[in-house]
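Here's a quick look at the pockets in this one. Pull up the model and follow along.

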Amino acid sequence: MTSICVLGLGYIGLPTAAMFATHGYRVHGYDVNADIVSRLSKGETHIEEPGLKAFVRDAVHSGKLVPSDRVVASDVYILCVPSPVDHATHEADLSYVVQAAEGIVPHLKKGDLVILETTVPARTTEDVLIPVLAKSGLDPRRDLKVVHCPETVLPGNMIYELAHNHRVIGGVTEEATRAARDLYACFVKAEFIETDATTAEFVKLAENAYRDVNIALANELALVCRKLGIDSREALRIARKHPRVHLHEPGPGVGGHCIPVDPWFIIQQLPTSKVLRAARDVNDAMPAHVVSLVEEAVHGLPSPTIAVLGLAYKGNIDDARESPAIAVVELLKKRWPDAVLRLHDPYVRKAGFPTVDLDTALHQADCVLVLTDHAAYRGLDPRRVKDAVRRRVVVDTRAMLEPRQWINSGFWVLRV
Ligand code: SAJ
């Protein structure tokens with residue numbers, strides 16, 4: 001039976017490993033973090049993602065997914081390690097990719113398939129991965145099958161999208177492309193698009209850059225709407241009726257480990273970039289705009305009590321990486337060193353700040369600030385909130401709350 005070793009059991013590696021394990025493969029899941037390996041071995045997951053817990057538990061209990069604290073010799077290696085951007089240079093940090101590749105070198109044998117799923121700058125497979133694999137003494141083009149196969153799943157809907165999104169397969173050789181396609185065909189129900197590794201790398205970056213630029217446009221238009229005294233959400237909703245207009249939604253900024261990171265991988269290859277840099281600047285400036293809305297909302301109070309609802313970078317997940325909510329909290333602390341910030345998030349446990357339950361957060365607040373579109377906040381009842389807070393003011397950066405209801409309950413509602 002073909003065996004697979006998945007390197008990196010994070011947001012992408014873990015569901016991918018479980019998917020192969022539930023489709024007939026014997027999968028070794030390797031992670032450098034011993035705590036993750038030990039929890040997974042007991043069938044527990046370290047990631048909040050709808051449906052993932054039971055999915056992983058079943059795969060581990062069936063014996064097909066075996067978490068491991070070392071790389072296990074296999075026929076297929078799938079690299080799902082992080083590729084963060086260096087905050088100082090804005091260049092990709094490929095050290096995890098290199099380490100993972102070096103980890104498989106001693107195990108490689110003729111005919112093995114090596115798949116890089118990590119999002120990387122274009123040419124990384126050719127210029128970084130291949131030279132590391134060559135240290136095995138094998139010729140990566142002739143003796144191995146090396147492929148870049150970017151993941152495109154949306155956090156919050158990963159298990160569905162893993163099976164139903166089209167899959168781009170970029171092989172270093174045609175034989176490698178075919179082998180990867182045959183492998184993913186066990187669970188991918190959508191179209192396969194075959195191309196070369198560099199094109200596959202670039203396509204993934206282009207997708208996320210498109211989203212960043214589009215959100216930046218929505219954010220900038222929202223700032224103009226505010227000056228004009230009109231509702232940006234309504235204006236953009238009407239504009240979207242046009243058959244060729246696909247505007248995204250404005251908000252408190254762009255977070256996560258992909259959209260604020262990947263455009264930099266293109267910029268590093270085109271330092272003169274104007275559009276991508278401008279989008280990064282516009283989106284990165286949104287947390288400061290949110291603080292200016294809070295400033296208006298608390299109206300001269302020297303040490304306001306603010307109920308901050310949401311720390312995750314988007315709704316219904318536990319991920320606060322690069323979250324605009326965290327940027328807002330840090331700016332609020334700077335602006336009002338004596339403010340009382342009561343932070344609530346139904347999912348996030350590791351954000352570097354203590355959180356409280358929702359009732360405690362709302363108690364005697366001078367301002368309710370909604371930063372994440374968790375479904376739980378949509379159902380907030382203004383009649384309940386108005387009895388808990390000191391001042392009836394809400395800054396809704398996600399346009400989650402039905403403004404009429406809140407205005408009818410005596411709230412002043414401010415939105416991005
Ligand atoms: N956001 C807005 N307005 C919008 C949409 C999103 O402000 O209209 C914000 C979100 O609140 C969040 C950020 O942008 O803070 C990013 O969220 P997202 O849902 O756009 O994207 P991710 O980072 O969760 O997932 C993206 C997806 N890429 C695209 O949709 C092109 C996903 O398909 C990729 O697999 C993922 O990046 C990845 O791993 O690269």
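Which helix supplies the largest share of the lining of the largest pocket? That's H4, with four residues. Keep in mind that this is a predicted model. The rest of the rundown goes pocket by pocket.

**The largest pocket**

- Its volume comes out at about 1,300 Å³.
- There are 50 lining residues, and Leu9, Gly10, Tyr11, Pro82 and Arg321 sit closest to the centre.
- H4 spans 95–104, and together with H2 (34–41) and H10 (262–267) belongs to the helices that each put at least two residues into the lining.
- Sorted by class, the lining of the largest pocket has 22 nonpolar residues, plus 14 polar and 14 charged ones.
- Domain 1 (3–199) and domain 2 (230–415) each chip in at least three lining residues here.

**The second largest pocket**

- This pocket holds about 830 Å³ of space.
- Its lining is made up of 32 residues, with Leu154, Arg211, Ile215, Tyr313 and Lys314 nearest the centre.
- Helix H6 (158–164) and helix H8 (197–228) each bring at least two residues to the lining of the second largest pocket, and H8 gives the most, with five.
- The class split for the second largest pocket is twelve nonpolar, nine polar and eleven charged residues.
- Both domain 1 (3–199) and domain 2 (230–415) show up in this lining as well, each with at least three residues.

Conventions: Residues numbered from 1 in each chain as written. Predicted model: local features only at pLDDT ≥ 70, side-chain atom pairs only at ≥ 80, totals over all residues. Heavy atoms only, no water. 1 Å grid on protein atoms, 1.4 Å probe; cavity = no way out; pocket = protein on both sides within 12 Å on 5 of 7 lines; lining within 4 Å. Points joined across faces, edges and corners; volume = space filled by probe spheres on them. Nonpolar A, V, L, I, M, F, W, Y, C, P; charged D, E, K, R; others polar. Domains from an automatic or database assignment.
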